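These notes record what I looked up in the structure shown below. I kept each entry short and moved from strands to pocket to single residues.

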Amino acid sequence: MIDRLQAVEDRYERLNELLSDPDIVNDPKKLRDYSKEQSNIQETVEVYREYKDIREQYQDAKAMLEEKLDADMREMVKEEVTELESTMTELEERLKILLIPKDPNDDKNVIMEIRGAAGGEEAALFAGSLYRMYSRYAEMQGWKTEVIETNATGLGGFKEIIFMINGTGAYSKLKFENGAHRVQRVPETESGGRIHTSTATVVVLPETEDVEVEIHDKDIRFDTYASSGAGGQSVNTTMSAVRLTHIPTGIVVTCQDEKSQHKNRDKAMKVLRARVYDKFQSEAQAEYDQNRKLAVGTGDRSERIRTYNFPQNRVTDHRIGLTIQKLDQVMEGKLDEVIEALVIEDQTSKLQREGE
């Protein structure tokens, strides 16, 4: 581990030199890439330097115990050795986590797609509840939410809603939300007070840049049509809604949220690029399917990952066996306890695989 850490520190110093080079400063792409690389390893270097300093103090203190000391001084040095040893252990654990290969998508914005699944109108209402939950969580993180496409129902739910969350590290926190979410509650549409079970599916995609996935104009079929509201009601007589079809993969994206055809096309392209990237990435990593299933949040998207039980104010994440009696808070966007538990579980499983 020390050799790896020293290599990271050496690279950090080299990046400092490169970022002072006039040729690099005048090359926007290299400047951006090197700055990002340095930023990604800065915490590791800072913790490693702290660890080296503590280790040196520890070795000096251990050496003092070999000298002739009076009883009080020896006791003081022993206490210092114990404290330094404890600090070193804590720093070593942090460094192990920092050395885990970072998901290259972690810092990216995300595109979320929520769809009502089993349960009809109640599933659509639950999809709306999930959208509200994620929107409030994003707001608490200081992130911005932008709706891309909606297919609303008459009662205020969503058959489908696609939206973007813009914020540094958004994907690192929300990537574990992929899957089927189950709700148990008395629906607003139920007059007899019976508890129903419904589901909604959530898909989380990292926003991608042009350089990450190449989509040629000749591979896209571009159609326009008049946008419509809930129930097919026409809300716009101009041909502002767009439909993009990626011919090689058959992926189709529609967008009619904006009044401007140009804006709808831009939004649709973001979603299309993310879906194509996701498809290619999944295919490229097919040989690692077994490992991916072991990691939190990378299993089949039809897998039931979480249950929201309203009568008992209970949330259960089935992947890690976490149950908390704070459903009311979770639905208000206070997801930190759940997400942090998922992040820790993911880090633990990766550490175990690193040690195999």
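**Entry 1: a pair of strands**

In which sense do strand β9 and strand β10 pair, and over how many bridges? I found that β9, residues 304-309, and β10, residues 314-317, pair in the antiparallel sense, with 4 bridges. I note here that the model is a predicted one. Within this pair, I saw Tyr308 opposite Val315, which belongs to β10.

I then looked at the connection. β9 and β10 make a hairpin that has 4 residues between the strands. Asn313 sits in that turn, and its phi is positive, about 50 degrees.

**Entry 2: the next hairpin**

I followed the chain onward from β10. This strand is joined to β11 by 3 bridges, and the two run antiparallel. Thr316 stands opposite Thr323, a residue of β11. The connection is again a hairpin, for β10 and β11 have 4 residues between them. In its turn I recorded Gly321, with a positive phi of about 65 degrees.

**Entry 3: Asn313 on its own**

I returned to Asn313, whose place is in the loop between β9 and β10. Its phi is near 50 degrees, which is a positive value in a residue other than glycine. As background, I noted that most residues other than glycine have a negative phi.

Is Asn313 buried, partly exposed or exposed? Its relative accessible area is 25%; buried would require under 20% and exposed over 50%, so I entered Asn313 as partly exposed.

**Entry 4: the sheet of 8 strands**

Next I asked what sheet these strands belong to. I found an open sheet of 8 strands in the order β2-β3-β1-β5-β4-β9-β10-β11, and its pairing is mixed. At the edges are β2, residues 144-152, and β11, residues 322-324, each of which pairs on one side only. On average, neighbouring strands of this sheet are turned by 15 degrees against each other, with direction ignored.

I then went to the β2 edge. β2 is joined by 8 bridges to β3, residues 158-166, and the two strands run antiparallel. Two positions along this pair went into my notes. Thr145 stands opposite Ile165 in β3, and Glu149 has Ile162 of β3 as its bridge partner. The hairpin of β2 and β3 has 5 residues between the strands, and Gly156 in this hairpin takes a positive phi near 100 degrees.

**Entry 5: the sheet of 3 strands**

I looked for another sheet. An open sheet of 3 strands has the order β6-β7-β8, with antiparallel pairing. Its edge strands are β6, residues 220-225, and β8, residues 251-255, and each pairs on one side only. From one strand to the next, the twist averages 15 degrees.

For β6 and β7, the latter spanning residues 241-246, I recorded 6 bridges and an antiparallel course. Arg221 has Thr245 in β7 as its bridge partner.

**Entry 6: the largest pocket**

How much space lies in the largest pocket? I noted about 1200 Å³. Its lining is made of 39 residues, and Asn40, Ile100, Lys102, Asp103 and Asp106 are those that lie nearest its centre.

I next asked which helices contribute. At least two lining residues each come from α3 (28-64), α4 (71-98), α6 (170-174) and α10 (336-354). α3 gives the largest share, with 9 residues. Sorted by class, the lining holds 19 charged, 13 nonpolar and 7 polar residues.

**Entry 7: Glu79**

I picked out one residue of helix α4, namely Glu79. With a relative accessible area of 44%, Glu79 falls between the 20% and 50% cut-offs and is therefore partly exposed. I also checked Glu79 against Ala61: the two are 18 residues apart in sequence, and their C-alpha atoms are 9.8 Å apart in space.

**Entry 8: the chain as a whole**

Finally, I recorded totals. The chain has 10 helices and 11 strands. It counts 356 residues, of which 40% are buried. Among contacts in the chain with a separation of 6 or more, 62% are between residues 24 or more positions apart.

Technical notes. Residues are numbered from 1 along each chain as its sequence is written. This is a predicted model: local features need pLDDT of at least 70, side-chain atom pairs count only at pLDDT 80 or more; totals for chains, interfaces and linings use all residues. Side-chain values use heavy atoms; hydrogens and water are left out. On a 1 Å grid over the protein atoms alone, a cavity is a set of points where a 1.4 Å probe fits but cannot get out, and a pocket is an open set with protein on both sides within 12 Å along at least five of seven lines; lining residues have an atom within 4 Å of a point. Grid points are joined across faces, edges and corners, and a volume is the space filled by probe spheres set on the points. Ala, Val, Leu, Ile, Met, Phe, Trp, Tyr, Cys and Pro count as nonpolar, Asp, Glu, Lys and Arg as charged, and the others, Gly among them, as polar. Two strands pair if DSSP finds at least two bridges between them. Axes are lines fitted to C-alpha atoms, for helices over the stretch in contact, and angles run from 0 to 180 degrees between N-to-C directions. Buried means under 20% relative accessible area, exposed over 50%, partly exposed in between (1.4 Å probe, protein chains only). Contact means heavy atoms within 4.5 Å.
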